[in-house]
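Please look through the sequence and the three-dimensional model shown here, and keep both in view while reading. The paragraphs that follow begin with the chain as a whole and then turn to its parts.

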Amino acid sequence: MYQVKTFNAIAKTGLETFDDNFKINQSETPDAYLIRSVNLLEEKFPTSLKTIVRCGVGFNNVPLDRATENGIAVFNTPGSNANAVKEIVISLMIATARNLFAANDYSNKHTEADISQRTEKDKTKFNGTELAGKRLAVIGLGNVGARVANAALALGMKVIGYDPYLSSNAAWRIDNKVKRASSIRRAVKNADFVTVHVPKNDDTIGLISTTEMTAMKDDVVLFNYSRIGIVDNKAAVEGVKSGKISHYNTDFGEPILADQPNITITPHIGGSTLEAESNGAVQGANTVMNYLESGDTTNSVNLPQMNLPFEAQYRLTLIHKNVPNMVGQISTEMANRGINIENMSNAARGSVAYTIIDVNSIESDDREDLLNRLNSIKEIHRVRVIEHS
Ligand SMILES: NC(=O)C1=CN([C@@H]2O[C@H](COP(=O)(O)OP(=O)(O)OC[C@H]3O[C@@H](n4cnc5c(N)ncnc54)[C@H](O)[C@@H]3O)[C@@H](O)[C@H]2O)C=CC1
Ligand SMILES: O=C(O)CCC(=O)C(=O)O
């Protein structure tokens, strides 16, 4: 039986997805971690741990290189919460354009019985604008960005996107009326609204900072529903103070943003809907089961993605360095024990490679000896033998 350890609240629908071969507990020797936003950057991983599955998208809370060296496959659940983020961003665009938060504050302060005359006079302070006809720049056109872009078009906005790494699959999801910019500066130049939907990594920290804000037109409305640090908050506060930015909306608070006019902060709830949490948890549970029971690495964020039909009695999976003669060494060890390979596949991703070997018989003595021998090859991070159920 496999042990699955959780760290955050995982939707019940996800926990109920596991079959009897999986036990959810706080075991000291888990096979899998099923997580959301818990910070694992300093976590010491137990040797039993074979996979970390993030229910959600951003995996900047997981030390990928260290996980790979420990032979741990890391996954996310792409797209599971994209609609939730799209809806919060679109709702805040409308709320910002119509001054809804300020209007609500006003109405809560003025509750006297004969308010109607005063309201008729004061309400001009809250005159808004409409989204139709306005320009939106979307930086990052993946699962969230594409949905935001398409929804904004449906509201009558003009949309321009920037994503130099867009996959062809992702490109299919984007309405062809979304214009493509060749740089961030070009994308944001005439935009009334700018929203960022990229992963947090070394290249995207400070992606939107003073230089990019200077390229924006005055009164722009800016969004960061990606991760803290992708928009430089210090520059954003200065932009709001100078009037360059009319409103800054972010899902990631920090002291510098607190209690400032024209800054709206939500507590990392972009993906917090019943539907998104359920999608992520169900997808996450299926990912744990598929990886542990078949070695399937679809949606892995650190290993090459491989999905082979499991048609033999046993499957060996090996996570190893991407260096010459690994497959040669592995198959020699098998041949030395007279083990016939039915099917074999190998793929690389940067400095790491993944090999799957299907066989129909391994004597139990041979199995232990083979595992010891393969585990002693220093370039191999982890070997597993999975028996077909
Ligand atoms: N606030 C919240 O609760 C949530 C936040 N997120 C954050 O939003 C991010 C995006 O989510 P998804 O769209 O689902 O991810 P995704 O992986 O589907 O899309 C990300 C897109 O960003 C693009 N990209 C990467 N680097 C870029 C760069 N330097 N400039 C422009 N584009 C770049 C990629 O090519 C890709 O198309 C996640 O990585 C996560 O950090 C995601 C879900 C919920
Ligand atoms: O609610 C969560 O688990 C966080 C969602 C998120 O930020 C993500 O999926 O990247």
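Among the contacts in the protein chain between residues at least 6 apart in sequence, 64% join residues that are at least 24 apart. This is a predicted model, and every value given here is computed from it or taken from a record. The protein chain has 389 residues, of which buried residues make up 39%, and it contains 13 helices and 16 strands. Along its principal axes, the C-alpha trace spans about 90 × 45 × 35 Å.

The chain is divided into domain 1, which is written in two pieces as 1–81 + 273–303, domain 2, which covers 82–265, and domain 3, which covers 306–389. The C-alpha centres of domain 1 and domain 3 lie 23 Å apart, and the contact between these two domains takes 13 residues from domain 1 and 15 residues from domain 3. On the side of domain 1 that touches domain 3, helix H2 (64–69) and helix H11 (274–294) each supply at least two residues. Sorted by class, that side of domain 1 has one nonpolar, eight polar and four charged residues.

For residues 315–388 there is also a record to consult, since an unreviewed UniProt entry carries the annotation "domain: ACT" for this stretch. Over these residues the chain is 31% helix and 43% strand, and the C-alpha atoms at the two ends are 8 Å apart.

The next topic is the ligands. Which residues come nearest to ligand 1? Of the 34 residues around ligand 1, these are Gly 58, Gly 140, Gly 142, Tyr 165 and Gly 270. Two elements give two or more residues to this shell, namely helix H3 (82–97) and helix H6 (143–154), and the largest share, three residues, comes from H6. By class, the shell around ligand 1 divides into 16 nonpolar, 13 polar and five charged residues. Both domain 1 (1–81 + 273–303) and domain 2 (82–265) give residues to the shell, and therefore ligand 1 lies between them.

Around ligand 2 the residues are Arg 36, Ser 37, Gly 56, Val 57, Gly 58, Asn 81, Gly 271 and Ser 272. This shell divides into one nonpolar, six polar and one charged residue. Gly 58 can be found in the surroundings of ligand 2, and Gly 58 is also one of the residues that come nearest to ligand 1.

A single helix, H10, shows how one element can be read in detail. In H10, which runs over residues 233–242, Asn 233, Ala 235, Ala 236 and Gly 239 are buried. Seen down the axis of H10, these buried residues fall within an arc of 155 degrees, so they line one face of the helix. As a general point, an α-helix has 3.6 residues a turn, so residues three or four places apart point the same way. The buried residues of H10 pack against helix H9 (210–215), strand E10 (220–224) and strand E11 (245–250), whereas the face turned away from the buried side carries the exposed residues Lys 241 and Ser 242. After H10 comes Gly 243, whose phi is positive, near 90 degrees.

That angle leads to a backbone feature found elsewhere in the chain. Most residues other than glycine have a negative phi. Asn 262, however, is a residue other than glycine with a positive phi, near 65 degrees, and Asn 262 lies in the loop between E11 and strand E12 (263–265). Is Asn 262 buried, exposed or partly exposed? Asn 262 counts as partly exposed, because 17 C-beta neighbours lie inside 10 Å. If its neighbours within four places in sequence are left aside, Asn 262 is in contact with Val 240, Ser 246, His 247 and Tyr 248. Asn 262 and Ser 351, by contrast, are 89 residues apart in sequence and 46 Å apart in space, counted from C-alpha to C-alpha.

His 268 is likewise not a glycine, and its phi is positive, at about 50 degrees. His 268 has its place in the loop between E12 and H11. Because 15 other C-beta atoms lie within 10 Å, His 268 is partly exposed.

Definitions and conventions. Residues are numbered from 1 along each chain as its sequence is written. Chains are lettered from A and ligands numbered from 1 in the order in which they are written. This is a predicted model: local features need pLDDT of at least 70, side-chain atom pairs count only at pLDDT 80 or more; totals for chains, interfaces and linings use all residues. UniProt positions are given in the numbering used here, feature names are shortened, and annotations may be inferred rather than shown by experiment. Helices (H or I, at least four residues) and strands (E, at least two) are DSSP runs, numbered from the N terminus. A residue is near a molecule or strand if its C-beta atom, placed from the backbone, lies within 6 Å of it. Ala, Val, Leu, Ile, Met, Phe, Trp, Tyr, Cys and Pro count as nonpolar, Asp, Glu, Lys and Arg as charged, and the others, Gly among them, as polar. A residue is buried if 20 or more other C-beta atoms lie within 10 Å of its own, exposed if 12 or fewer, and partly exposed in between; C-beta atoms are placed from the backbone. The arc is that of the directions from the helix axis to the C-beta atoms. Two residues are in contact if their C-beta atoms, placed from the backbone, lie within 7 Å. Domain bounds come from an automatic or database domain assignment.
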